[in-house]
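Hi everyone, and thanks for making room for me today. I'd like to walk you through a structure that may be new to you, so let's put it up on the screen.

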2 protein chains.
Amino acid sequence: MKYCSSCGSLVARRKPAGDSRERWICDVCNTTHYQNPNIVVGCVPQQDGKILLCKRAIEPRYGFWTVPAGFLELGESIAEGAARETMEEACARVKVGHLFASVDVVDAGQVHLFFTGELIGGHAVGEETLETAMYSEAEIPWDDIAFRSGTFALRKYFEDAGRNNGVHIHTVRRNRQSTD
Amino acid sequence: MKYCSSCGSLVARRKPAGDSRERWICDVCNTTHYQNPNIVVGCVPQQDGKILLCKRAIEPRYGFWTVPAGFLELGESIAEGAARETMEEACARVKVGHLFASVDVVDAGQVHLFFTGELIGGHAVGEETLETAMYSEAEIPWDDIAFRSGTFALRKYFEDAGRNNGVHIHTVRRNRQSTD
């Protein structure tokens, strides 16, 4: 950030009064521009004991497999976002279930929230997808999963075996991982 | 948003190629400025069967009671954010427990995530707080809780009675509510 998005003046980096962190501040129109983590919402759509994965047609991780997931948009709930991403990436309708995993991808400034889901009907490639496929647990291409958050979510999904055991929380940082 | 925060030029509102939504776009430096929901993290700190609430010293809802909560910052996990907010607002250390409630505050562009917690030691007023107090379930000032998300979280907290029953999900919109 270099310019104020409200008035176009140059911004400065410093702590506002009463704040403990530096922010981008515009001294011309007195606006503080906060920057905060984004939410990624995803879903593990299940049907007849298999789950739906998508092979990515975009970077990062082109050609790797992922659960349907993407950035939450303004105006939708997290469950609506998970369903929308599943439709966009895999042309698939889901009945969204319970929230079962939350991964802090700290260095990317993201929190990834994963729901269970029941796939209703079929699936097909969306614009950002090369291929969609149904996998049993034994068939999951673990070495070709796009992101560590997705690997964590899939492992916990199968460990839960359909039960709601609460949310499994995990933190991913560039050079280390921690789980509780 | 009116100006590009990268180069200071005027931005335009339209759908980027391959996108389904309008975004703020800078045609001078080719930057798309996405706007997405923010995360609020909170905690219900418990000690000896009572929970800690804070009376707000800031707007909105000055003088109303809230569980310690605030915006997640870049560089921290959601559990770390909940602990930090509890320290800032109530000068209280907590051992963060499990995630038990998620409220989509859709019209505000926020998702509120609430953890259980164990209060370690005492509490005192932080900068944004007029008063801190420990309440039993029977003593909760239900009519003076600051936000609907907090009311929902507190109700589910007491319904759970210490058990991890998974995450209770709720959506708040300006003129209607829905729960699953």
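Let's begin at one small turn in chain A. Find the hairpin made by β4(A) and β5(A): two residues lie between the strands, and there Asp48(A) takes a positive phi near 50°. Before we go further, please keep in mind that this is a predicted model.

Now look at the strands on either side of that turn. β4(A) and β5(A), the latter covering residues 50-56, pair in the antiparallel sense over two bridges. If you want a pair to point at, Gln46(A) stands opposite Ile51(A) in β5(A).

Let's stay with β4(A) a little longer. Is this strand mostly covered or mostly open? Mostly covered: of its ten residues, seven are buried.

Which other strands does β4(A) pair with? One is β9(A), residues 110-120, which runs parallel to β4(A) and is joined to it by nine bridges. Within that pairing, Ile39(A) has Val111(A) as its bridge partner in β9(A). Another is β7(A), residues 69-71, which is antiparallel to β4(A), with three bridges between them. There you can find Val40(A) standing opposite Phe71(A) of β7(A). As a general reminder while you look at strands, side chains in a regular strand alternate between the two faces of the sheet.

Let's zoom out to the whole of chain A. The chain has two helices and twelve strands. If you read along the sequence, the pattern goes β-β-β-β-β-β-β-α-β-β-β-α-β-β. So that you can picture the extent, the C-alpha atoms fill a box of roughly 60 × 35 × 25 Å, taken along the principal axes. Of the 180 residues in chain A, 38% are buried. And how do the contacts spread along the sequence? Taking contacts in chain A between residues at least 6 apart, 60% join residues at least 24 apart.

How confident is the predictor here? Chain A averages a pLDDT of 95, and 97% of its residues score at least 70. For the complex, the predictor gives an ipTM of 0.95 and a pTM of 0.95. A general caution still applies: where pLDDT is low, the predicted coordinates should not be read in detail.

Next, come with me to the start of chain A. Here we have an open sheet of three strands in the order β1-β2-β3, and the pairing is antiparallel. The edge strands are β1(A), residues 12-14, and β3(A), residues 31-33, each pairing on one side only. From one strand to the next, the twist averages 40°. β1(A) and β2(A), residues 23-26, are joined in the antiparallel sense by three bridges. Look for Arg14(A) there, which stands opposite Arg23(A) in β2(A).

Over in chain B, there is also an open, antiparallel sheet of three strands, in the order β1-β2-β3. Why does each edge strand have a free side? β1(B) and β3(B) each have a single partner strand, so one side of each is left without a neighbour in the sheet. In this chain I'd point you to β2(B), residues 23-26, and β3(B), which pair in the antiparallel sense over three bridges. One of the partnerships is between Cys26(B) and Thr31(B), the latter in β3(B).

Now for how the two chains meet. The contact takes 37 residues from chain A and 37 residues from chain B. On the side of chain A that touches chain B, β4 (38-47), α1 (78-90), β8 (93-105) and β11 (168-172) each supply at least two residues. Which element gives the most? That is β8(A), with four residues. By type, the residues on this side of chain A divide into 16 nonpolar, 15 polar and six charged.

How are the two chains related? A turn of 180°, with a shift of 0.0 Å along the axis, lays chain A on chain B with an RMSD of 0.0 Å. The two copies are thus related as by a two-fold rotation axis. In chain A, the C-alpha nearest that axis belongs to Gly166(A), at 1.8 Å. And 100% of the interface residues of chain A are also interface residues in chain B, so the copies meet through the same surface.

That's my tour. Thanks for listening!

Conventions:
Residues numbered from 1 in each chain as written. Chains lettered and ligands numbered in written order. Predicted model: local features only at pLDDT ≥ 70, side-chain atom pairs only at ≥ 80, totals over all residues. pLDDT = per-residue confidence, 0-100. Contact = placed C-beta atoms within 7 Å. Nonpolar A, V, L, I, M, F, W, Y, C, P; charged D, E, K, R; others polar. Buried ≥ 20, exposed ≤ 12 C-beta atoms within 10 Å, placed from the backbone. Pairing = 2+ DSSP bridges. Least-squares fit on C-alpha atoms with pLDDT ≥ 70 in both. Axes fitted to C-alpha atoms, helices over the stretch in contact; angles between N-to-C directions.
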